[in-house]
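Open the model in your viewer and keep the selection panel at hand. This tour goes stop by stop, naming what to select and what is there.

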Amino acid sequence: MAKLILSVDGTVLKEITLSKERTTLGRKPHNDIPVDNLAVSGEHAAIITILNDSFIEDLNSTNGTLVNGKPIKKHFLQNNDVIEIGKHKLKYFNDAPVASTAGDFEKTMIIRKPVASAPATTVASAPQPAPAPVPAPAPSLSDTQTNMKPITPPPAPAVAQSAPPAFAQPQDPNSPARDSAIQVLSGAAAGRTLDLTKNLTTIGKPGVQVAVITRRPTGFFITHVEGAVFPTINGVALSGQAKQLADHDLIEIAGIKMEFFYKP
Amino acid sequence: MALTDVLQIVSLTDPGKVRGHNEDCVESRPELGIVVLADGMGGYNAGEVASGMATSAISAGLASSWTKDVLKGLDRDAAMALSLKVVQEQTAKANAAIYAAAQKDPHCAGMGTTLVACLFYDNFLTVGHVGDSRLYRMRNDVLEQVTRDHSLLQEQIDSGLISKEDARSSHNKNLVTRAVGIDPEVEAEVHSYDVLAGDIFLLCSDGLNDMIEDEEIQMTLIALQSNLELSAQQLVQAANDAGGRDNVSVMLVRVLKSFAVERGFWAAVKSWFR
């Protein structure tokens with residue numbers, strides 16, 4: 001269960017377990033977490049907890065609430081977030097399940113009573129300028145309402161897709177250069193270097209011969225996608241399986257030679 | 001026109017990197033345009049019992065209630081109306097069967113399953129779903145989620161409590177508000193949609209969409225759309241590379257061409273010569 005550690009100037013005052021759906025914090029003694037300090041408003045903030053998730057909401061306090069140094073109105077708390085109210089700090093702990101039990105922990109479970117609606121309404125109990133009203137759940141709350149309307153055929157957009165270039169380009173030139181690239185050795189694009197910045201990079205000529213290079217935690221792999229003839233790596237044709245690329249492997253696809261290499 | 005010539009279907013299911021066994025189940029009957037995916041839950045082996053019962057009961061139930069004889073003489077609207085009804089009915093039947101089994105066998109007590117079931121016919125598709133297994137559609141390189149999860153998180157998003165971005169880091173991802181087999185009765189959410197040639201539909205369990213973003217799914221389907229099998233493999237692999245914390249199942253259905261049902265005089269004449 002999630003908890004908060006309340007401290008001032010590095011001295012821990014107490015630990016609060018977030019067992020209630022709504023935990024209030026303020027200067028007045030009736031709060032769940034009373035903080036007797038003039039910088040704290042009478043009813044300063046509330047923490048709403050729904051099963052394993054917690055949200056903090058500032059109740060229009062005079063001096064505001066900071067989370068990780070930033071003023072917030074409402075914030076979805078993450079493990080290790082630091083809430084600051086005046087000189088008081090509250091550190092939020094929501095231990096991620098330990099690895100050994102992760103499998104069980106994340107198992108899909110059914111909940112019979114939707115608990116979402118209750119806290120949604122309690123959020124609105126702040127004094128004066130009422131927080132943006134929570135829209136009343138529509139009666140058909142649980143029915144699919146996407147912008148995809150059942151059975152109203154959208155106008156078929158012209159499939160004016162320009163023919164993709166022979167070589168897919170890394171889409172975002174601003175993304176930090178990753179650790180590998182391919183250099184084209186022959187053909188019209190000879191000399192060009194393509195950084196492998198995406199998880200998937202397709203190479204070749206669509207409709208003729210296409211392969212994909214996938215970036216995985218263990219390295220880069222090349223797989224044949226389409227075409228009767230399979231690309232070759234160092235002169236050996238690919239099988240149907242993915243093949244891991246090694247530094248300076250020579251790829252030949254759609255009549256073009258290119259070299260895979262790890263950047264220094 | 002046989003639906004097997006129209007629909008290219010690829011199914012792949014994988015236990016993932018953490019779970020010891022696979023509680024997902026997939027089944028398709030291409031000739032009838034039926035594609036079903038279920039993600040079971042429950043102790044011991046009850047999860048896969050529930051999902052297996054759901055997929056086979058629905059496939060078999062649709063096969064027996066969605067027949068040429070029943071469809072004879074129906075125009076498209078009537079067929080669509082009927083499809084909504086049979087998907088709902090078959091889900092109810094599967095629910096009753098799983099519920100009864102759970103009551104009878106203590107090992108299976110409390111078992112249940114999510115479900116997404118598609119029926120393709122006459123240039124439309126009828127989808128019924130329960131829980132957080134999803135149907136997506138990719139049309140003209142744009143991926144859209146067709147179904148909306150029956151989950152606590154989705155309800156929180158709908159009520160404005162949590163933003164879609166924050167939802168990704170929620171700890172409440174695994175809570176569904178509806179499931180097949182948990183209660184004596186369940187209502188599937190059933191809708192029909194028009195289908196165009198070139199559409200690619202993706203059915204998946206939450207082991208896919210919890211591990212990788214929709215953008216990555218879309219990128220994969222665009223990059224590899226010429227090879228549906230590889231697309232499915234790549235999606236499963238990406239979910240596993242991202243941690244594979246749950247079973248992951250992927251079914252891809254590519255609509256190769258229009259599959260309007262011929263009706264009227266000529267269809268009648270033709271049918272004499274078949």
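Select Ala50(B), Met53(B), Ala54(B), Ala57(B), Ile58(B), Gly61(B), Leu62(B) and Ser65(B), which lie in H1(B). Add their counterparts in H3(B): Val86(B), Gln90(B), Thr91(B), Lys93(B), Ala94(B), Ala97(B), Ile98(B) and Ala101(B). These two sets meet where the helices pack in this predicted model. Now show both helices whole: H1(B) covers residues 46-65 and H3(B) covers residues 76-104. Their axes are 9 Å apart, and the packing angle is about 140 degrees. Roughly antiparallel would need an angle over 145 degrees, so H1(B) counts as oblique to H3(B). The crossing is right-handed.

Zoom out to the whole of chain B. Nine helices and 12 strands make up its secondary structure. The radius of gyration is 19 Å, close to the 19 Å that the globule rule gives for 274 residues, so chain B is as compact as a globular protein of that length. Along the principal axes, its C-alpha atoms fill a box of roughly 60 × 45 × 35 Å. Colour by burial: 54% of the 274 residues count as buried. Among contacts with a separation of 6 or more, 72% link residues 24 or more positions apart.

Next, the sheet. Select S1, S12, S11, S7 and S8 of chain B; in that order they form an open sheet of five strands with antiparallel pairing. Which strands stand at the edges? They are S1(B), residues 7-14, and S8(B), residues 142-145. Each has a single partner strand, so one side of each is left without a neighbour in the sheet. From one strand to the next, the twist averages 15 degrees.

Stay in the sheet and isolate S7(B), residues 134-139, with S11(B), residues 200-204. Five bridges hold this antiparallel pair. Pick Tyr136(B) and look across to Leu202(B), its bridge partner in S11(B). Now add H7(B), which packs on the sheet and touches S7, S8 and S11 of chain B. The direction of H7(B) makes about 135 degrees with that of S8(B).

Keep H7(B), residues 214-223, and show H8(B), residues 228-241. The two axes come within 9 Å and cross at roughly 150 degrees. That angle makes H7(B) roughly antiparallel to H8(B). Their crossing is right-handed. On the H7(B) side, select Glu216(B), Ile217(B), Thr220(B) and Leu221(B). On the H8(B) side, select Ser231(B), Gln234(B), Leu235(B) and Ala238(B). Together these residues make the contact.

Centre on Asn209(B), in helix H6 (residues 206-209) of chain B. Is Asn209(B) buried or exposed? Asn209(B) has 22 C-beta neighbours inside 10 Å, so it counts as buried. Leaving aside residues up to four places away in sequence, Asn209(B) touches Arg134(B) and Cys204(B). Check the distance to Ala239(B) too: the C-alpha atoms are separated by 8.1 Å, with the two positions 30 residues apart along the chain.

Last stop: chain A. Select S15(A), residues 200-205, and S16(A), residues 209-216. The strands run antiparallel and are joined by six bridges. In one of the bridges, Leu200(A) has Thr214(A) as its partner in S16(A). The two strands form a hairpin with three residues between them. Finish on Gly207(A) in the turn, where phi is positive, about 90 degrees.

Conventions. Residues are numbered from 1 along each chain as its sequence is written. Chains are lettered from A and ligands numbered from 1 in the order in which they are written. This is a predicted model: local features need pLDDT of at least 70, side-chain atom pairs count only at pLDDT 80 or more; totals for chains, interfaces and linings use all residues. Two strands pair if DSSP finds at least two bridges between them. Helices (H or I, at least four residues) and strands (E, at least two) are DSSP runs, numbered from the N terminus. The radius of gyration is taken over C-alpha atoms; the globule rule is 2.2 Å times the number of residues to the power 0.38. A residue is buried if 20 or more other C-beta atoms lie within 10 Å of its own, exposed if 12 or fewer, and partly exposed in between; C-beta atoms are placed from the backbone. Two residues are in contact if their C-beta atoms, placed from the backbone, lie within 7 Å. Axes are lines fitted to C-alpha atoms, for helices over the stretch in contact, and angles run from 0 to 180 degrees between N-to-C directions. Angles under 35 degrees count as roughly parallel, over 145 as roughly antiparallel, 65 to 115 as roughly perpendicular and the rest as oblique. A crossing is left-handed if the near helix is turned anticlockwise from the far one by less than a right angle, and right-handed if clockwise.
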